[in-house]
Amino acid sequence: MYIFGASGHGKVVKSIVEAMKMQLTAFVDDSPKGITFMGMPVFSTGQLQEVTALPFLIAVGNNAIRKKIAERLSAIYEIGIHPTAVIDSTATLGEGSVVMPNAVVNSDTEIGKHVIVNSGAVVEHDCILEDYVHLSPNATLAGNVFVGEGTQIGAGAVVLQGIKVGKWCMVGAGAVVLKDLPDNVTAVGNPARIIKEHNPFK
């Protein structure tokens, strides 16, 4: 297996790969800062034709960048689940998604591709998380929550039951979302309020 991203998030994904008892061959990075990282070789993207036979996980926390990498990288993607995470048997996870230590994903939840469910996050029953979503540490989604593509839910934030959060939003740390949010907004506070447009592709 290869991890794309030789940086801080890559360290955490490496720990998950090792906890899953999978063999990590090397890191891959667009701009390697050295030839090794965390004791493993680092390849540049110019060497990708030599390494794409094995599965990848993209270890990049920025949702927009993670999407761009996934769209240009022709690779097989693994699913990373730390052994301490609790995943209900009826939940589904898309390729390239990573569930970190002590996270919980409950019944009939649908998680898209290249989603990050970070340490201690809770996803309750019947939630839908579209591709490239990032739930930060200790974020909580109550039941029947919808989170659109590319949205980040900040550390310790809470989204109440039945709420729909649009695409490419940023929900601030500790926010409490009590009503639906449209696409491309930043919302903060308790209760969460929209403070500005959020467009990560500008």
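Is Met38 buried or partly exposed? Keep that one in mind while you get your bearings; the tour comes back to it. What you have open is a predicted model.

**Start with the whole chain**

Show the protein chain as a cartoon and colour by secondary structure. You should find two helices and 24 strands. Turn the chain around and picture a box about its C-alpha atoms: along the principal axes, the box is roughly 50 × 40 × 25 Å. The radius of gyration is 17 Å, which agrees with the value near 17 Å that a compact globule of 202 residues would have.

Now switch on the surface. Its accessible area is about 8,900 Å², and carbon and sulfur atoms account for 52% of that. As for what sits inside, 47% of the 202 residues count as buried. If you like contact maps, take the contacts with a separation of 6 or more: 22% of them join residues 24 or more positions apart.

Next, colour the charged side chains. There are 15 positive and 18 negative ones, and the centres of the two sets lie 9 Å apart.

**Select Ser7, Gly8, His9 and Gly61**

These four carry the feature "binding site" in UniProt, in an unreviewed entry. They are spread over 55 residues of sequence, yet they cluster in space, with a largest C-alpha distance of 9.9 Å.

Zoom in on Ser7. You'll find Ser7 in the loop that runs from strand S1 (2-4) to helix H1 (8-19). Show what surrounds it: leaving out residues up to four places away in sequence, Ser7 touches Phe37 and Ala59. Its relative accessible area is 36%, so Ser7 is partly exposed.

Step along to Gly8, and you are in helix H1. Gly8 is partly exposed too, because its relative accessibility is 46%, which falls between the 20% and 50% cut-offs.

**Select His134**

The unreviewed UniProt entry also places a "binding site" feature at His134. Look for this residue in strand S15, which covers residues 134-135. How does burial look here? His134 counts as buried, because its relative accessibility is 7%, under the 20% cut-off.

Show its contacts and you get quite a list. Setting aside neighbours within four places in sequence, His134 is in contact with Gly61, Asn63, Arg66, Ile116, Asn118, Thr151, Gln152 and Ile153. Gly61 should ring a bell, as one of the residues in the "binding site" selection above.

**Now for some backbone oddities**

A bit of background before the last stops: most residues other than glycine have a negative phi, and most peptide bonds are trans.

Select Met38 first. Its phi is near 55 degrees, a positive value in a residue other than glycine. Met38 lies in the loop between strand S3 (36-37) and strand S4 (40-44). And here is the answer to the opening question: Met38 counts as partly exposed, because its relative accessibility is 41%.

Asn184 is the next stop. Here phi is near 60 degrees, again positive in a residue other than glycine. Look in the loop between strand S22 (176-177) and S23 to find Asn184. At 28% relative accessibility, Asn184 counts as partly exposed.

Finish at Asn190 and Pro191. The peptide bond from Asn190 to Pro191 is cis, with omega near 0 degrees. To find Pro191, follow the loop between strand S23 (185-188) and strand S24 (193-197).

How values were computed: Residues are numbered from 1 along each chain as its sequence is written. This is a predicted model: local features need pLDDT of at least 70, side-chain atom pairs count only at pLDDT 80 or more; totals for chains, interfaces and linings use all residues. Side-chain values use heavy atoms; hydrogens and water are left out. UniProt positions are given in the numbering used here, feature names are shortened, and annotations may be inferred rather than shown by experiment. Helices (H or I, at least four residues) and strands (E, at least two) are DSSP runs, numbered from the N terminus. Buried means under 20% relative accessible area, exposed over 50%, partly exposed in between (1.4 Å probe, protein chains only). Contact means heavy atoms within 4.5 Å. The radius of gyration is taken over C-alpha atoms; the globule rule is 2.2 Å times the number of residues to the power 0.38. Accessible areas come from the Shrake-Rupley method with a 1.4 Å probe; for residues, only the protein chains shown count as cover. Lys and Arg count as positive and Asp and Glu as negative; His and the chain ends are not counted. The place of a charge is taken as NZ of Lys, CZ of Arg, CG of Asp or CD of Glu.
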